[in-house]
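These are my notebook entries on one structure. I set down what I looked up, in the order in which I looked.

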Amino acid sequence: MKRQQDLSQIFAECLQKLDAGYSTDQVLAEYPDQAEQLSTLLQAAAAVRPAGQAIRVPASAQIDSRRRFLAKASQLKRRKGAAGFWAVLHFTRRHLASAAFTLAALALLLIAFGSAGALPGDGLYPVKLTAEGIGASLAGHSGDPLAWETNLDRRRLKEVAQMIANGRTGTVNFSGFLDPAEGSGWLVSGIPLVMNENQIRAAGALTGGYVEVKGNVNRDGQVEVMQIQPRLFPLNGILQKMEPDQWLVNDTVVLLTSDTRISGTPQAGRQVFIQAARTRDAYQVLAVEISAGDEASPEATATVTPTRRPDTTPLPGLTPLTVQTPAPGENIKPIPTQTGNDDHETEKPPDSEDDSNHEDRGAENEGHENSRP
Amino acid sequence: MSNNQAYLKAAHRFTSIHARPAYEHHQMISEETLLERAQKLDEQSLAQLHDRYYPLVYRYVRYRLDDEQVVEDISSEVFLRLLDHLHKRKSEIRDLRGWLLGTAGNIVSDHLRQKYRRRNESLNHHEELPGTDDPQRAAENREARRSIRLAMQSLTREQQHVLALRFSQELSIEETARIMNKTAGAVKVLQFRALASLRRLIGIQENK
């Protein structure tokens, strides 16, 4: 069993290295004793990957499913509404003239306003985030959604800067441009980061780009990075204008690159669903799906051509990177950084050799027996 | 390679089909909030939830089954069951992705069990592979994929599930472990055994 456990660990490492771009020969060369066994297993793995390109999700299927889903929800709501009518009527009669009801509503408003200055870790911080969400809903995502995102990003950065200035600690989640600090270290919008060696190595590929960071503010005024990755922006709207290297979508200019993946036929007036990354020059389109005209649903969110998801399980000696950067013009005071070697990942319990001796999700999923067809 | 080029190359690897609405990014507990609102049958939250997770479910089911119509029906059924679950306020869903993929796996397994009972396997539902104009090659590819899919259907339910999560969703070991409620080590062993079994099955079929 131990031998199989070791081989399963080695095999998992081989798959990670193949995903990272190593060739099969390179991978097998690292395990000469197990090469023959691994080779046949890697062939089996290659056979079960979807042939050719990744599986594409038809927009029509998604839209149809959505209609059925919402139709059923509407039906359930009507039933619920009828049952609740008498309860609401009773409640209203009892409380209509109640001063206590009015005072409670006022109190809620005051709490919402009072949460505006809350920082991560404060009791009212979730209220603040909820209020931002309500604001987005009321706005109906009208106007410039990217500007909305940028505005919220700016708030997150200010919160982190304020925590540092006040000597506060806590978990934070923010975004900005990643740059090397003067001397050594890294900054995201002037916020200094502490990263381990693997994260630093990965940061090289993200330099100058817009990233999202999750980490902990420490007492030294730095953010100990837990996770860093490129920040992607969804942009759904109408393709207004097309030029060879750029499009106008919902009054926002986005740039196309040679690596942009396009699914569907670009045509002015069509609904597009875009995932974009942000560099200092512009929003760059990574992937876009274009609806086929009459199938388009204005409320549909993006269904871009799926690509391989990165395996974030760290390769030996490599851990995922998490980083932060300041928005242009942000006046956040940079603080000298020191890189750390701490690994912030938590360890799992000891491996089990048995396929099935783990708690299953029987309570949540439909109950079914494990059986062969 | 310029900084921009390196960054965009790295960013491409993170492209997913889940384009979150703008404000959701700023909520550390967005899935919980979405579920909470969906439980109250809030239409906007339900629509966001559906559109966020439908591609995930569809790709999983499509990986395991050939029949396009069946794939669409099952994918839709997963969300209808989610609605039932939320509406009847059954046990709390701790990991929505895991719940959706687990439910999809169960419905697919049920479908395959019924299919074998009816001995109604269709030889006409072949996956069309893009990019080849050679009919003979296309036929060979179809037959190869059919063999592999049949072989996969002979694995245990958990083995099929782990292969679908790892190779159709391209989830990491850690993500797969979270969804299956197992340790990373257990997932590695399960994946290893699944592919070892599959290797033998494919070998047996080729020798026929």
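The entries below take up confidence, chain B as a whole, one of its helices, and one residue of chain A.

**Entry 1: confidence.** I noted at the outset that this is a predicted model. I read off an ipTM of 0.75 and a pTM of 0.49 for the model. For chain B, I found a mean pLDDT of 79, with 80% of its residues at 70 or more. Comparing its helices, I found confidence lowest in α6(B), residues 135-152, at a mean of 77. Confidence is highest in α4(B), at 94.

**Entry 2: low-confidence stretches.** I then asked where in chain B pLDDT stays under 50. One such stretch is residues 17-29 of chain B, for which the model has 61 contacts beyond four places in sequence. Another is residues 122-131 of chain B, with 15 contacts beyond four places in sequence. I shall not read predicted coordinates in detail where pLDDT is low.

**Entry 3: chain B overall.** I counted nine helices and zero strands in the secondary structure of chain B. Along the sequence I therefore wrote the pattern with the helix sign alone, as α-α-α-α-α-α-α-α-α. Of the 208 residues in chain B, 62% are buried. I looked next at contacts in chain B between residues at least 6 apart in sequence, and 61% of these join residues at least 24 apart. The chain exposes about 8500 Å², of which carbon and sulfur atoms supply 45%.

**Entry 4: helix α4(B).** I chose this helix for its confidence, the highest in chain B. Helix α4(B) runs over residues 68-87 and has 20 residues. From its first C-alpha to its last I recorded 29 Å, close to the 28 Å expected at 1.5 Å a residue. What lies at the start of α4(B)? There a side-chain oxygen of Asp67(B) reaches to within 3.0 Å of the backbone nitrogen of Gln69(B). After the helix comes Arg89(B), and I noted its positive phi, near 50 degrees.

**Entry 5: Ala44(A).** I turned to chain A and placed Ala44(A) in helix α3, residues 35-48. Is Ala44(A) buried or exposed? I class Ala44(A) as buried because its relative accessible area is 4%, and the cut-off for buried is under 20%. Setting aside neighbours within four places in sequence, I found Ala44(A) in contact with Leu195(B) and Arg199(B).

Technical notes:
Residues are numbered from 1 along each chain as its sequence is written. Chains are lettered from A and ligands numbered from 1 in the order in which they are written. Side-chain values use heavy atoms; hydrogens and water are left out. Helices (H or I, at least four residues) and strands (E, at least two) are DSSP runs, numbered from the N terminus. The expected span of a helix is 1.5 Å times one less than its number of residues. A polar contact is a pair of N or O atoms within 3.5 Å; within protein, one must be able to donate a hydrogen and the other to accept it, and residues adjacent in sequence count only if both atoms are side-chain atoms. Buried means under 20% relative accessible area, exposed over 50%, partly exposed in between (1.4 Å probe, protein chains only). Contact means heavy atoms within 4.5 Å. Accessible areas come from the Shrake-Rupley method with a 1.4 Å probe; for residues, only the protein chains shown count as cover. pLDDT is the predictor's confidence in each residue, from 0 to 100.
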